[in-house]
Amino acid sequence: MQTFEALLEESTRIHGHICAGQVIGVRMAMLGLQQIGISDPKGAERKKLYVVVEIDRCATDAIQSVTGCSLGKRSMRWQDFGIMAATFVNLENGQAVRITAREEARALAERYCPEIENKYQRQLEAYRLMPEDELFFMQEVRVEVPDCDLPGRPLRRVQCAGCGDWVQDCREVHEDDTLLCRACAGQRYYQVLGGQ
């Protein structure tokens with residue numbers, strides 16, 4: 001695996017700027033991969049790795065950059081918990097670790113870089129230096145990944161009886177022997193305008 005600085009540089013390029021979230025995400029991903037025994041996440045071991053992220057913030061881009069996992073490859077899943085945390089799963093042996101960024105690390109940043117007045121810049125630099133146990137809380141966990149959520153081809157495709165859209169990956173809703181997409185089943189996040 002590349003060095004922290006090389007991974008941070010690549011992550012920053014992809015994300016568009018450097019920030020404390022990038023530092024946290026790169027370090028979190030490196031630690032997670034180490035804990036589940038994956039050293040080549042973008043190469044020979046890419047099909048062994050599955051990541052669940054719990055927040056849609058900067059660290060998620062860094063985790064994607066380091067691991068090579070993504071929503072499009074179905075090797076990354078987003079659980080909208082709003083927590084700066086991610087779970088790294090070795091699909092081959094089931095080993096998994098959930099890593100959470102410690103909130104108290106924000107305050108500890110002053111101890112590591114007291115000379116930096118801007119708190120965001122201070123956190124960015126301090127997070128590079130902090131020991132892992134001060135920056136993260138880590139738990140060994142078990143994650144059951146349903147077959148329909150695994151990377152690879154869709155298990156099935158069905159047509160919605162309401163709108164005619166095709167639904168993949170077991171996301172259809174069954175209502176009275178009728179297969180519907182989630183939008184037609186009342187979970188629509190958008191409003192159709194006009195006669196479209």
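## Exercises on a predicted protein model

Arg77 has its place in strand S2, which covers residues 76-78. The structure is a predicted model, and the exercises below begin with this residue and then move outwards.

**Exercise 1. Determine whether Arg77 is buried, partly exposed or exposed, and find which residues it touches.**

Solution. Begin with the accessibility: the value for Arg77 is 26%, and since buried means under 20% and exposed means over 50%, Arg77 counts as partly exposed. Next, set aside the residues up to four places away in sequence, and the contacts of Arg77 are Tyr50, Val51, Val52, Val53, Leu71, Asp149 and Arg171. Finally, compare sequence with space for one further residue: Leu150 is 73 residues away from Arg77 along the chain, while their C-alpha atoms are 9.8 Å apart.

**Exercise 2. Work out how strand S1 is joined to S2 and to S3, and in which sense each pair runs.**

Solution. Take S2 as the starting partner: S1 and S2 are paired in the parallel sense, over three bridges, and within this pairing Val51 has Met76 of S2 as its bridge partner. Then turn to S3, where five bridges connect it with S1 (residues 49-53), and here the two strands run antiparallel. Two positions show this second pairing residue by residue, for Leu49 stands opposite Asn90 in S3, and Tyr50 has Val89 of S3 as its bridge partner.

**Exercise 3. Decide how many residues of S1 and of S3 are buried, and which residues lie on each face.**

Solution. In S1, five of its five residues are buried. Sorting them by side places Leu49, Val51 and Val53 on one face and Tyr50 and Val52 on the other, with both faces covered. In S3 (residues 85-90), six of the six residues are buried. Sorting these in turn gives Ala85, Thr87 and Val89 on one side, and Ala86, Phe88 and Asn90 on the other, and again both faces are covered.

**Exercise 4. Follow the chain from S3 into S4 and describe the pairing and the turn.**

Solution. S3 pairs with strand S4 (residues 96-101) in the antiparallel sense, over five bridges, and one of the matched positions is Ala86, whose bridge partner in S4 is Ile99. The two strands form a hairpin that has five residues between them, and in its turn Gly94 has a positive phi of about 80 degrees.

**Exercise 5. Locate Arg74 and Cys170, and state what is notable about the phi of each.**

Solution. Start from the general expectation that most residues other than glycine have a negative phi. Arg74 is not a glycine, and yet its phi is positive, near 60 degrees; this residue lies in the loop between helix H3 (58-67) and S2. Cys170, also not a glycine, has a positive phi of about 65 degrees, and its loop runs between S7 and strand S8 (173-175). The accessibilities then fall on either side of the 20% limit for a buried residue: Arg74, at 18%, is buried, whereas Cys170, at 21%, counts as partly exposed.

**Exercise 6. Place Cys163 in the chain and name its contacts beyond its sequence neighbours.**

Solution. Cys163 belongs to the loop between strand S6 (157-159) and strand S7 (166-168), and its relative accessible area of 40% makes it partly exposed. Once neighbours within four places in sequence are left aside, Cys163 is in contact with Cys181 and Cys184. For a contrasting distance, consider Leu129, which is 34 residues from Cys163 along the chain, with 54 Å separating their C-alpha atoms.

**Exercise 7. Count the aromatic pairs and classify their geometry.**

Solution. The count comes to one aromatic pair. The ring centres of Tyr189 and Tyr190 are 5.1 Å apart and their planes are at 80 degrees, so the pair is edge-to-face, given that planes over 60 degrees apart are classed in this way. As for their surroundings, Tyr189 counts as exposed, at 77% relative accessibility, while Tyr190, at 38%, counts as partly exposed.

**Exercise 8. Summarise the protein chain as a whole.**

Solution. The secondary structure comprises seven helices and nine strands, and 42% of the 196 residues count as buried. Of the contacts between residues at least 6 apart in sequence, 58% join residues at least 24 apart. The charged side chains number 24 positive and 29 negative, and the centres of these two sets lie 4 Å apart.

Note on methods. Residues numbered from 1 in each chain as written. Predicted model: local features only at pLDDT ≥ 70, side-chain atom pairs only at ≥ 80, totals over all residues. Heavy atoms only, no water. Helix = DSSP H or I, 4+ residues; strand = E, 2+ residues; numbered from the N terminus. Buried < 20%, exposed > 50% of the residue type's maximum accessible area, 1.4 Å probe, protein only. Contact = heavy atoms within 4.5 Å. Lys, Arg positive; Asp, Glu negative; His and termini not counted. Charge placed at Lys NZ, Arg CZ, Asp CG, Glu CD. Phe/Tyr/Trp six-rings, centres within 6.5 Å; stacked < 30°, edge-to-face > 60°. Pairing = 2+ DSSP bridges.
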